[in-house]
Amino acid sequence: MNQTIRWVLLPAFLCLISCTSETTVADTPQPTAKVTSSIESKEGKKLFLQHCASCHNMNMVDDMTGPALYKVTERWSNKEDLIHFIQNPQELINNNHERAVKIAALWPSEMTAFPQLDSVAIEAILAFVDEKGAKNK
Ligand code: HEC
């Protein structure tokens, strides 16, 4: 009797293990990507509150002292220029960068420079801007 149960349970157990591990492997990329982006936007939220929220509306879709930032990456043809602008707006304006000159002309006040923020920090802020703006649009 005991033997019979063993021979019935063993294959079932092996199948369970192999099925489970297959599912885990197949599902791995997606949750990892989600976790990464949520860590990124969480860090971005912290940085935004610390550096940007005094002038840019936290809902990302209404203007304040500075313009609403939702979809700002689409308004800049080049991500590197956008990052550079956040690090040093005046430099791009002085270099006659088309978008920088245009946005500066529309806004009477000047944006602070953030040379202390590296591109990883700024990408995190931009990830938060997109996530937050998509919820409020
Ligand atoms: C002192 C107020 C102030 C602070 C603080 C500030 N900004 Fe700005 N921001 C502005 C103003 C005003 C403009 C309009 C352009 C100009 O006048 O320089 C602007 C423009 C921008 C633009 C260009 C928008 C567009 O449509 O092209 C981006 C991107 C931006 N800010 C991101 C940030 C980020 C990210 C932070 C925080 C790290 C930040 N700003 C902090 C005032 C501010």
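These are my notebook entries on a predicted model of a protein with a ligand, covering the fold, the pocket, the ligand and some loop residues.

**Entry 1: overall fold**

I began with the secondary structure, and I counted seven helices and zero strands in the protein. Following the chain along the sequence, I wrote the pattern down as α-α-α-α-α-α-α. I then looked up burial for the whole protein, and of its 137 residues 28% count as buried.

**Entry 2: the largest pocket**

I turned next to open space in the model, and for the largest pocket I noted a volume of about 680 Å³. Its lining is made up of 32 residues, and those closest to the centre of the pocket are H56, P67, L69, F85 and M111. I asked myself which helices each supply at least two residues of this lining. They are α3 (72–75), α4 (79–87), α5 (89–94), α6 (98–106) and α7 (119–136). Sorting the lining by residue class, I obtained 21 nonpolar, eight polar and three charged residues.

**Entry 3: the ligand**

Where does the ligand sit? I found that the space it takes is the largest pocket, so the entry above also describes its surroundings, because a molecule is assigned to a pocket if more than half of its atoms lie within 2 Å of the grid points of that pocket. Around the ligand I listed 26 residues, of which C52, C55, H56, W76 and M111 come nearest. Two of these names were already in my notes, since H56 and M111 are also among the residues closest to the centre of the pocket. In the shell around the ligand, α3, α4 and α6 each supply at least two residues, and by class the shell divides into 16 nonpolar, seven polar and three charged residues.

I then went through the polar side-chain atoms that approach oxygen atoms of the ligand. For W76, a polar side-chain atom lies 2.7 Å from a ligand oxygen. For R99, an N or O atom of the side chain is likewise 2.7 Å from an oxygen atom of the ligand. For R75, I noted a distance of 3.4 Å between an N or O atom of the side chain and a ligand oxygen.

**Entry 4: the loop between α2 and α3**

I looked up M60, which is found in the loop between α2 and α3, and its phi is near 70 degrees, a positive value in a residue other than glycine. Is M60 buried or exposed? With a relative accessible area of 0%, M60 is buried, because that value is under the 20% cut-off. V61 has its place in the loop between α2 (29–51) and α3 as well, but V61 is partly exposed, with a relative accessible area of 33%. I also recorded that V61 and K135, although 74 residues apart in sequence, are 9.8 Å apart in space from C-alpha to C-alpha.

**Entry 5: two further loops**

N96 lies in the loop between α5 and α6, and I noted for N96 a positive phi of about 60 degrees although it is not a glycine. The relative accessible area of N96 is 62%, so I entered this residue as exposed.

D118 has its place in the loop between α6 and α7 and is partly exposed, with a relative accessible area of 46%. The side chain of D118 reaches the backbone nitrogen of A121 at 2.9 Å. Finally, I found D118 and Q87 to be 31 residues apart in sequence and 8.0 Å apart in space, C-alpha to C-alpha.

Technical notes. Residues are numbered from 1 along each chain as its sequence is written. This is a predicted model: local features need pLDDT of at least 70, side-chain atom pairs count only at pLDDT 80 or more; totals for chains, interfaces and linings use all residues. Side-chain values use heavy atoms; hydrogens and water are left out. On a 1 Å grid over the protein atoms alone, a cavity is a set of points where a 1.4 Å probe fits but cannot get out, and a pocket is an open set with protein on both sides within 12 Å along at least five of seven lines; lining residues have an atom within 4 Å of a point. Grid points are joined across faces, edges and corners, and a volume is the space filled by probe spheres set on the points. Helices (H or I, at least four residues) and strands (E, at least two) are DSSP runs, numbered from the N terminus. Ala, Val, Leu, Ile, Met, Phe, Trp, Tyr, Cys and Pro count as nonpolar, Asp, Glu, Lys and Arg as charged, and the others, Gly among them, as polar. A residue is near a molecule or strand if one of its heavy atoms lies within 4 Å of it. A polar contact is a pair of N or O atoms within 3.5 Å; within protein, one must be able to donate a hydrogen and the other to accept it, and residues adjacent in sequence count only if both atoms are side-chain atoms. Buried means under 20% relative accessible area, exposed over 50%, partly exposed in between (1.4 Å probe, protein chains only).
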